[in-house]
Amino acid sequence: MKRSIDDLSTEESSTSNAASSKHTKDERVERKILQVQPISRFNGKFPFFRQPVEVGCFSMDKDRKLHTDARMLKYLYDTREKSVHYDLQHGYSVYEKRDDDVKERLNNIMRWILGMKKHFVLEAKKKDDDDPKIRSLNTDFVAWRGHFTKIMCTPYEQREGWMMAVTLFRGTYYISEVETKENKERRKNMSDREKEMGYWGYKFEQYMTSGK
């Protein structure tokens, strides 16, 4: 199984452009394939991961407007002692689906980062400078959680390919998924039944969560 990664290093490309004006954008994009077979190649000592720490949050409302708070955060609705019957089809006829042709990529995460740079300043730097200039996010990767899930599941997922665009800027890798031709065709040709089944997941989440 092969997976494709488009690797464009911003720092490296800006240097090459200064040396020669003949370089085109395509020449600065290096396409690599992530080889995952045999799976035994990944055997080894489990890596060390730090305990996750929340540095901030943001919310997206129904109009896809960004808010730098947790206003859209929901709580799990406990139904263990109740008899429930969930109609997962309810509301489908008036459901307003987000336009999948509009690719938001990392835009909203980057908007949040630009407004919350102070969260990425190391504690030692904060003590040394009352108003530190932020040249680095002190962060290895910026991406959606689902991107990492897709990459980590690759050795065991044999059905669908994926493509990621990766940009290295000031020590941080920015990862954004690029829809493949096959996945786009599959999305465009979904049957009505498949679309309904996709809605069921959102409806179940709505039933199982509460704003209080």
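These exercises, each with a worked solution, cover one predicted model.

Residues are numbered from 1 along each chain as its sequence is written, and side-chain values use heavy atoms, with hydrogens and water left out. Local features need pLDDT of at least 70 and side-chain atom pairs count only at pLDDT 80 or more, while totals for chains, interfaces and linings use all residues.

**Exercise 1. Describe the confidence along the chain.**

- Step 1: Know the scale. pLDDT is the predictor's confidence in each residue, from 0 to 100.
- Step 2: Take the average. The chain averages 83, and 81% of its residues score at least 70.
- Step 3: Compare elements. Helices (H or I, at least four residues) and strands (E, at least two) are DSSP runs, numbered from the N terminus. Strand β8 (residues 172-178) has the highest mean pLDDT, 96. Helix α1 (residues 10-19) has the lowest, 37.
- Step 4: Look at the weak stretch. Residues 9-24 stay under 50 in pLDDT. The model gives them 15 contacts (heavy atoms within 4.5 Å) beyond four places in sequence.

**Exercise 2. Summarise the chain as a whole.**

- Step 1: Count elements. The chain has six helices and nine strands.
- Step 2: Check burial. Buried means under 20% relative accessible area, exposed over 50%, and partly exposed in between (1.4 Å probe, protein chains only). Of the 212 residues, 21% are buried.
- Step 3: Check the range of contacts. Take contacts between residues at least 6 apart in sequence: 66% of them join residues at least 24 apart.

**Exercise 3. Work out how β7 and β8 are joined.**

- Step 1: Apply the rule. Two strands pair if DSSP finds at least two bridges between them.
- Step 2: Count. Seven bridges join β7 to β8, and the strands run antiparallel.
- Step 3: Pick one bridge. V166 has I175 in β8 as its partner.
- Step 4: Inspect the turn. Two residues lie between the strands of this hairpin, and R170 takes a positive phi near 50°.

**Exercise 4. Place T154 and describe its surroundings.**

- Step 1: Locate T154. The residue sits in the loop between α4 (145-152) and β7 (163-169).
- Step 2: Judge burial. T154 counts as buried because its relative accessibility is 1%.
- Step 3: Follow the side chain. The T154 side chain reaches the backbone oxygen of K150 at 2.9 Å.

**Exercise 5. Look for disulfides and assess two cysteines.**

- Step 1: Recall the bond. A disulfide is a covalent bond between the sulfur atoms of two cysteines.
- Step 2: Search. With the cut-off of two cysteine sulfur atoms within 2.5 Å, the whole structure holds zero disulfides.
- Step 3: Classify. C57 is partly exposed because its relative accessible area is 33%. C153 is partly exposed because its value is 39%.

Terms used. A polar contact is a pair of N or O atoms within 3.5 Å; within protein, one must be able to donate a hydrogen and the other to accept it, and residues adjacent in sequence count only if both atoms are side-chain atoms.
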